[in-house]
Amino acid sequence: MDFRVLSWDNPFYNNLRNLMDLSDETASNKNVSVPTQTYMRDAKAMAATAADIKEHPNSYVFVIDMPGLKKGDIKVEVEDDNVLLISGERKREEEKEGVKYLRMERRVGKFMRKFVLPENANTDAVSAVCQDGVLTVTVQKLPPPQPKKPKTIEVKVA
């Protein structure tokens, strides 16, 4: 085992030490910048939502597994003209009388992913289809700019 990884100069330990130091300071100083609960919740939601991204000649395709979700549970938006935001919430089933869970492994709660779109993405041509528990979001590409043609200038005789 390489013990250099465990040295106190390791960035992981530095971040951990800084967080521990901040927790002592925040009790007396409320101006310290620490992540909010909302930020931490959103970060967990983003980390838990896996996606495949494909580039086709005329489009970008985002594929995300969404088993058991209905159309109303999923939200697809474009924000800031170049960020694709896919979010939603998987709700817990209503408990029936006399029924109890022996094991609950399926995730419940909010999910979210943000993707910065390339410059050639046409944010006015975005479509989303959810079929068999798989969400497919297609973003069409803008046509490539036409190369400038040389301009011919007529020479006049004076």
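Two strands are said to pair if DSSP finds at least two bridges between them. With that in mind, this report looks at one sheet in a predicted model and at the nonpolar core to which some of its strands contribute.

**The sheet**

The sheet is open and has three strands in the order E3-E4-E5, with antiparallel pairing. Strand E3 (74–79) and strand E5 (109–116) stand at the edges and have a single partner strand each, so one side of each is left without a neighbour in the sheet. On average, and with direction ignored, neighbouring strands of this sheet are turned by 15° against each other.

The two pairings can be set side by side, each with one of its bridges.

| Pair | Sense and number of bridges | A bridge in this pair |
|---|---|---|
| E3 and E4 | antiparallel, six bridges | Lys-75 with Ser-87 |
| E4 and E5 | antiparallel, eight bridges | Ser-87 with Met-112 |

Ser-87 therefore appears in both rows, since strand E4 covers residues 83–90, with Lys-75 as a bridge partner and Met-112 in E5 as another. Between E3 and E4 lies a hairpin with three residues between the strands, where Asp-80 takes a positive phi near 55°.

**The core**

The largest nonpolar core has 15 residues, and those with the most contacts inside it are Phe-62, Met-66, Leu-84, Ile-86, Val-137 and Val-139. At least two residues of this core come from each of strand E2 (59–65), E4, E5 and strand E7 (134–141). If residues up to four places away in sequence are not counted, Met-66 touches Ile-74, Ile-86, Arg-90, Phe-111, Gly-133, Val-134 and Leu-135.

Definitions and conventions: Residues numbered from 1 in each chain as written. Predicted model: local features only at pLDDT ≥ 70, side-chain atom pairs only at ≥ 80, totals over all residues. Heavy atoms only, no water. Helix = DSSP H or I, 4+ residues; strand = E, 2+ residues; numbered from the N terminus. Axes fitted to C-alpha atoms, helices over the stretch in contact; angles between N-to-C directions. Core = buried A, V, L, I, M, F, W, Y, C linked by side-chain atoms within 4.5 Å. Buried < 20%, exposed > 50% of the residue type's maximum accessible area, 1.4 Å probe, protein only. Contact = heavy atoms within 4.5 Å.
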